[in-house]
Amino acid sequence: VFTGMTNTHSVMTVVATERAVFYRERAAGMYSSLVYGLVVRLAEMPYQIVVSFIFVAIFYWMVGLRLSMAAYFFWWLVFLLATSLDTYIGVMLTVLLPSEQTAHLVANLYSIVVQLFCGFFVPIAQMPAMWRWMYWIVPFSWTLQALMSSQFHCLGDKCPQTVYIDPTTGQAHNIHVWEALRDEYGLRYEWRWACVGVLGLVILLVQVATLLGLRFVCHLKR
């Protein structure tokens, strides 16, 4: 969440600075909004790929995550999509809203919603029934689902165990870590690639909203 929101807020200043120039050049007919939007996205991709790869290369092995190259590259892919999504959300808010200050405010509100309903601080099973639908529309919940299930999924007697205290009887017994996390957070290992698809779909929707904003929204004050 912290890395994503850092991307969201840092890109807003750049986009807000370029927006006034874009309005002038769009009015002069120098290029179409679609071309500008696509070029900006393409220009950001190498930076996002390199930075995310360097971060994951350090963080992943430092904290002792699963020793598997397949798990490592899957973790990097999900992290890349998640941080890219947060960056594109920052661009979208700056394009659609009238000022950079308003965009920062809305981004902060979005961050609060994400932390409340992503399913980490309050697992979905503990959410009030009337609010559980929020879990499914918060993109970060799909990120956590993919990252956690790919790391902790384990079957067999050799899987790590932890002590579980039954809340009804108060008795303690050993349980596999994966089973505990699966039951507490609603993790599904078979959903991991579906989560990647959902993140990709949300990125596409944000990009479409940004392109539409570049085409039809103008906050110039005459």
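Hi everyone. Before anything else, one definition: when I say two residues touch, I mean that they have heavy atoms within 4.5 Å of each other. With that in hand, let me start at leucine 85. Setting aside residues up to four places away in sequence, leucine 85 touches Pro139, Leu199, Val202, Ile203 and Val206. Keep those names in mind, since several of them come back. And please remember throughout that this is a predicted model.

Let me step back to the whole chain for a moment. The protein chain has 8 helices and 2 strands. Reading from the N terminus, the order is α-α-α-α-α-α-β-β-α-α. The C-alpha trace spans about 70 × 40 × 25 Å along its principal axes. The chain has 222 residues, and 40% of them count as buried. If you take the contacts with a separation of 6 or more, 68% of them join residues 24 or more positions apart.

Now, the interior. Which residues touch the most other members of the largest nonpolar core? In that set of 30 residues, they are Val56, Tyr60, Trp75, Val78, Leu85, Leu93 and Val206. So our leucine 85 is on that list. Two or more residues come from each of helix 1, helix 2, which covers 33-62, helix 3, helix 4, helix 6 and helix 8. Helix 3 provides the largest share, with 14 residues. There is also another core lying apart from this one, made of 15 residues, including Met134, Phe140, Trp178 and Leu181.

On to the helix packing. Two packed helices are described by the angle between their axes and the distance between the axes. I have three pairs for you.

The first pair is helix 3, residues 69-96, with helix 6, residues 139-152. They pack at an angle of about 170°, and their axes are 10 Å apart. Because angles over 145 degrees count as roughly antiparallel, helix 3 is roughly antiparallel to helix 6. From helix 3, the residues are Ala71, Phe74, Trp75, Val78, Ala82 and Leu85, and they meet Pro139, Thr143, Ala146, Leu147, Ser150 and Gln151 of helix 6. Sorted by class, this contact has 9 nonpolar residues, 3 polar ones and no charged ones.

The second pair keeps helix 6 and brings in helix 8. Here the axes come within 9 Å and cross at roughly 150°. That again makes the pair roughly antiparallel, and helix 6 passes helix 8 in a left-handed crossing. On the helix 6 side we find Pro139, Trp142, Thr143, Gln145, Ala146 and Ser149, meeting Arg192, Cys195, Val198, Leu199 and Val202 of helix 8. The classes come out as 7 nonpolar, 3 polar and 1 charged. Notice Pro139, Leu199 and Val202 in this contact; leucine 85 touches those three as well.

The third pair is helix 1, residues 2-27, and helix 4, residues 100-117. Their axes come within 10 Å and cross at roughly 165°, which makes helix 1 roughly antiparallel to helix 4. How is this crossing handed, left or right? Helix 1 passes helix 4 in a right-handed crossing. Helix 1 contributes Met5, Thr8, His9, Met12, Thr13 and Ala16, while helix 4 contributes Glu100, Ala103, His104, Ala107, Asn108, Tyr110 and Ser111. This contact has 6 nonpolar, 6 polar and 1 charged residues.

I'll finish with three single residues. Glutamine 207 is in helix 8, residues 192-216. Is glutamine 207 buried or exposed? It is buried, because its relative accessible area is 14% and the cut-off is under 20%. Beyond its neighbours within four places in sequence, glutamine 207 is in contact with Arg41 and Tyr88.

Glycine 170 sits in the loop between strand 1, 161-165, and strand 2, 172-176. With a relative accessibility of 52%, glycine 170 counts as exposed. Its C-alpha is 19 Å from that of glutamine 126, and the two are 44 residues apart in sequence.

Last comes alanine 57, in helix 2. At 30% relative accessibility, alanine 57 counts as partly exposed. Alanine 57 and tyrosine 72 are 15 residues apart in sequence, with 8.6 Å between their C-alpha atoms.

That's my tour. Thanks for listening, and I'm happy to take questions!

Terms used. Residues numbered from 1 in each chain as written. Predicted model: local features only at pLDDT ≥ 70, side-chain atom pairs only at ≥ 80, totals over all residues. Heavy atoms only, no water. Axes fitted to C-alpha atoms, helices over the stretch in contact; angles between N-to-C directions. Helix = DSSP H or I, 4+ residues; strand = E, 2+ residues; numbered from the N terminus. Parallel < 35°, antiparallel > 145°, perpendicular 65-115°, else oblique. Left-handed = near helix turned anticlockwise from the far one by under 90°. Nonpolar A, V, L, I, M, F, W, Y, C, P; charged D, E, K, R; others polar. Buried < 20%, exposed > 50% of the residue type's maximum accessible area, 1.4 Å probe, protein only. Core = buried A, V, L, I, M, F, W, Y, C linked by side-chain atoms within 4.5 Å.
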